[in-house]
Amino acid sequence: MVTADSAGALLDRRRVELVDEGLPKIPHHGEGQRLPMEEAVKLVERVRASAERHAKLVLEAVAADLPGHTLGIALRQCPELPPTIAERITNYRASNVADWVMYRRALAAAAKACGWPVHWYNPRQVQEMASKVLRVENLDAHFAALRRSIGPPWGQDHKLAMAAAIAAMNGG
């Protein structure tokens, strides 16, 4: 998770875990595939509840560490999924993305509970939007300079999250 200001400065970066220790991270795609359906559905429900609790704690921690700086959250758009957990587990395409959708929805619900707007972004467009906001021609060069100043870790996920935060704060 990264937090940026409207000028594109990095305020915070942190790794967040949304699942209790001992629970699987990909229950739709992994463990749920090997269980009887009733058990698989219960497992997904436990993981979802854990994700919702952790999302709330994570966002509360960010707000406490950066008082007055957190104005919203940017999350990657979610694909449409079948309506039930059982259908998501048995549908190959859905089972491949359902876990990540579950985590994004948990973060979105926690953000709304904090009174923050949720900005859903298209990963194919957000870097161009952030580049325009920052008025830089080469966003990769901009982020490479940022990485040199802050050190690792700084990978593709960090760059995408930062671009989304910048674009969201500036109407993107």
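1. Start with helix α4 (residues 126-134) and helix α5 (residues 139-150), which in this predicted model pack with their axes 10 Å apart at an angle of about 75°. Anything from 65 to 115 degrees counts as roughly perpendicular, and α4 and α5 are therefore roughly perpendicular to each other. On the α4 side the contact uses Q127, A130, S131 and L134, and these meet L139, D140 and H142 of α5. By class it's a mixed bunch: 3 nonpolar, 3 polar and 1 charged.

2. Now the other partner of α4. The axes of α4 and helix α6 (residues 156-169) come within 8 Å and cross at roughly 55°. That makes this pair oblique, and the crossing is left-handed. From α4 the contact takes V126, Q127, M129, A130, V133 and L134, while α6 puts in L160, A163, A164, I166 and A167. Sorted by class, that comes to 10 nonpolar residues and 1 polar one, with no charged residues. Worth a look on screen: Q127, A130 and L134 turn up in the contact with α6 and again in the contact with α5.

3. Next, helix α1 (residues 37-65) against α3. Their axes sit 8 Å apart, at an angle of about 40°. α1 and α3 are therefore oblique to each other, and their crossing is right-handed. The α1 residues involved are V44, V47, R48, A51, E52, A55, K56 and L59, and they meet M102, Y103, A106, L107, A110 and A111 of α3. The class count is 11 nonpolar, no polar and 3 charged. If you want to find the charged ones, go to α1 and pick out R48, E52 and K56.

4. Staying with α3 (residues 92-113), have a look at W100, which is placed in that helix. Is W100 buried or exposed? Neither, strictly: its relative accessible area is 43%, so it goes down as partly exposed, the band between 20% and 50%. W100 and I26 are 74 residues apart in sequence, yet 8.1 Å apart in space, C-alpha to C-alpha.

5. On to the strands. β3 (residues 73-76) pairs with β4 (residues 118-121) in the parallel sense, over 4 bridges. Within that pairing, I73 has V118 of β4 as its bridge partner. Which residues of β3 are on the covered face? I73 and L75 are, while A74 and R76 make up the uncovered one. That fits the usual pattern, since side chains in a regular strand alternate between the two faces of the sheet.

6. At the N-terminal end, β1 (residues 2-4) and β2 (residues 10-13) pair too, here in the antiparallel sense over 3 bridges. A4 stands opposite L10 of β2. The hairpin has 5 residues between its strands, and G8 takes a positive phi near 95° there.

7. Last one: E17, in the loop between β2 and α1. E17 has a relative accessible area of 35%, so it is partly exposed. What does E17 touch, leaving aside residues up to four places away in sequence? K25, H54 and V58. As for β1, E17 and A4 are 13 residues apart in sequence and 20 Å apart in space, C-alpha to C-alpha.

Methods: Residues are numbered from 1 along each chain as its sequence is written. This is a predicted model: local features need pLDDT of at least 70, side-chain atom pairs count only at pLDDT 80 or more; totals for chains, interfaces and linings use all residues. Side-chain values use heavy atoms; hydrogens and water are left out. Buried means under 20% relative accessible area, exposed over 50%, partly exposed in between (1.4 Å probe, protein chains only). Helices (H or I, at least four residues) and strands (E, at least two) are DSSP runs, numbered from the N terminus. Two strands pair if DSSP finds at least two bridges between them. Axes are lines fitted to C-alpha atoms, for helices over the stretch in contact, and angles run from 0 to 180 degrees between N-to-C directions. Angles under 35 degrees count as roughly parallel, over 145 as roughly antiparallel, 65 to 115 as roughly perpendicular and the rest as oblique. A crossing is left-handed if the near helix is turned anticlockwise from the far one by less than a right angle, and right-handed if clockwise. Contact means heavy atoms within 4.5 Å.
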